[in-house]
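Biologist: Please show me the model. I want to hear how each label is earned.

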Amino acid sequence: MAAKKILMLVGDFVEDYEAMVPFQMLVMVGHEVHTVCPGKKAGETVATAVHDFEGHQTYSEKPGHNFGITTTFEEIKAEDYDALVIPGGRAPEYLRLNPDVIKCVQHFAKANKPIAAICHGPQLLTAADVIKGKTCTAYPAVKPDIDGAGAAWCEVNATASNACTDGNIVTAPAWPAHPEWMRAFLKVLGSTIEP
């Protein structure tokens, strides 16, 4: 398996599991993952939030861990990376207002590089206008964004554990989908894991 250099876009109140678990899984299989947040330097952290599904009309939110930033966003060049990961939580909502973040996402889409986005992460894909004609999923509250961006909606299953792959883009509704989402992303990356 060829190791890939992967960029992960995070921000304050990124969903804890959706940043930590994919980061650990991708590093575990041998990929190099750089975590970045606009306005934060390597060695700093972002606050995370744990989103849970406890029978309310929407998810609940609890404090998570601090998540380390490994690389300074303002110093990266998107062309140096093989793939992009966009976790969910509240971070994508404000990150999509940053023109440099949008240009970064557009680079990966235009170059047809693998992109994995989960939960609210597809908000960056819609803001970057890169999913028209694609089929995607996300946290159900993001469906209007997906529809408005001209993408087809991939229905979320009863346990929010499904993922959707369309070409180079792999999306999922929430952290219960990690096994399917990461399995699909590794396939798009060309990575193989054998028991």
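Biologist: How many helices and strands does the protein have?

Modeller: This is a predicted model. The protein has six helices and eleven strands.

Biologist: What makes the protein as compact as a globular protein of its length?

Modeller: Its radius of gyration is 15 Å, and the globule rule gives 16 Å for 195 residues. The two values are close, so the protein is as compact as a globular protein of that length. The C-alpha trace spans about 40 × 40 × 35 Å along its principal axes. Buried residues make up 52% of the 195 residues.

Biologist: Which residues does UniProt list for the domain?

Modeller: The unreviewed UniProt entry lists residues 4–187 as "domain: DJ-1/PfpI". Over residues 4–187 the chain is 28% helix and 26% strand. The end C-alpha atoms of that stretch are 12 Å apart.

Biologist: Now the aromatic rings. How many aromatic pairs does the structure hold?

Modeller: Five aromatic pairs. One of them joins Phe53 and Trp175, with 6.0 Å centre to centre and 35 degrees between the planes.

Biologist: Why is the pair of Phe53 and Trp175 called tilted?

Modeller: The pairing limit is 6.5 Å between centres, stacked needs under 30 degrees and edge-to-face over 60. At 6.0 Å the two rings pair, and at 35 degrees they fall under neither of the other names, so tilted is what remains.

Biologist: What does the pair of Phe53 and Trp175 tie together?

Modeller: Phe53 lies in the loop between β4 and β5, and Trp175 in the loop between β11 and α6. The pair therefore ties together parts that are 122 residues apart in sequence.

Biologist: Why do Phe53 and Trp175 count as partly exposed?

Modeller: Buried needs under 20% relative accessible area, and exposed needs over 50%. Phe53 has 35%, so it is partly exposed. Trp175 has 22%, so it is partly exposed too.

Biologist: How do you know that the pair of Tyr59 and Tyr139 is edge-to-face?

Modeller: The ring centres of Tyr59 and Tyr139 are 5.3 Å apart, and their planes stand at 75 degrees. The cut-off for edge-to-face is over 60 degrees, so the name fits. This pair links distant parts of the chain, 80 residues apart. Tyr59 is in the loop between β4 and β5, and Tyr139 in the loop between β8 and α5. Tyr139 has a relative accessible area of 12%, so it is buried. Tyr17, Phe53, Tyr59, Tyr139 and Trp175 form one aromatic cluster.

Biologist: What makes you say that the charged end of Arg90 sits over the ring of Phe13?

Modeller: The limit is 6 Å from the ring centre, within 35 degrees of the ring normal. The charged end of Arg90 is 4.6 Å from the centre of the Phe13 ring and sits over it. Lys113 does likewise with Phe108, at 5.3 Å from the ring centre.

Biologist: What is notable about the phi of Phe13?

Modeller: Most residues other than glycine have a negative phi. Phe13 has a positive phi of about 65 degrees, although it is not a glycine. Phe13 is in the loop between β1 and β2. Asp129 also takes a positive phi, of about 55 degrees, and is not a glycine. Asp129 lies in the loop between α4 and β8.

Biologist: Is Asp129 buried or exposed?

Modeller: Exposed: its relative accessible area is 57%, and the cut-off is over 50%.

Biologist: How do you know that the span of α1 agrees with its length?

Modeller: At 1.5 Å a residue, the 13 residues of α1 should span 18 Å. The end C-alpha atoms are 18 Å apart, so the two agree. At the start of α1, a side-chain oxygen of Glu15 reaches to within 2.7 Å of the backbone nitrogen of Tyr17. Just after α1, Gly30 takes a positive phi of about 110 degrees. Buried residues in α1 include Met20 and Leu26.

Biologist: Why does Asn168 count as buried?

Modeller: Its relative accessibility is 6%, and buried means under 20%, so Asn168 qualifies. Asn168 is in the loop between β10 and β11. Its side chain reaches the backbone oxygen of Lys113 at 2.7 Å.

Methods: Residues are numbered from 1 along each chain as its sequence is written. This is a predicted model: local features need pLDDT of at least 70, side-chain atom pairs count only at pLDDT 80 or more; totals for chains, interfaces and linings use all residues. Side-chain values use heavy atoms; hydrogens and water are left out. Helices (H or I, at least four residues) and strands (E, at least two) are DSSP runs, numbered from the N terminus. Buried means under 20% relative accessible area, exposed over 50%, partly exposed in between (1.4 Å probe, protein chains only). The expected span of a helix is 1.5 Å times one less than its number of residues. A polar contact is a pair of N or O atoms within 3.5 Å; within protein, one must be able to donate a hydrogen and the other to accept it, and residues adjacent in sequence count only if both atoms are side-chain atoms. UniProt positions are given in the numbering used here, feature names are shortened, and annotations may be inferred rather than shown by experiment. The radius of gyration is taken over C-alpha atoms; the globule rule is 2.2 Å times the number of residues to the power 0.38.
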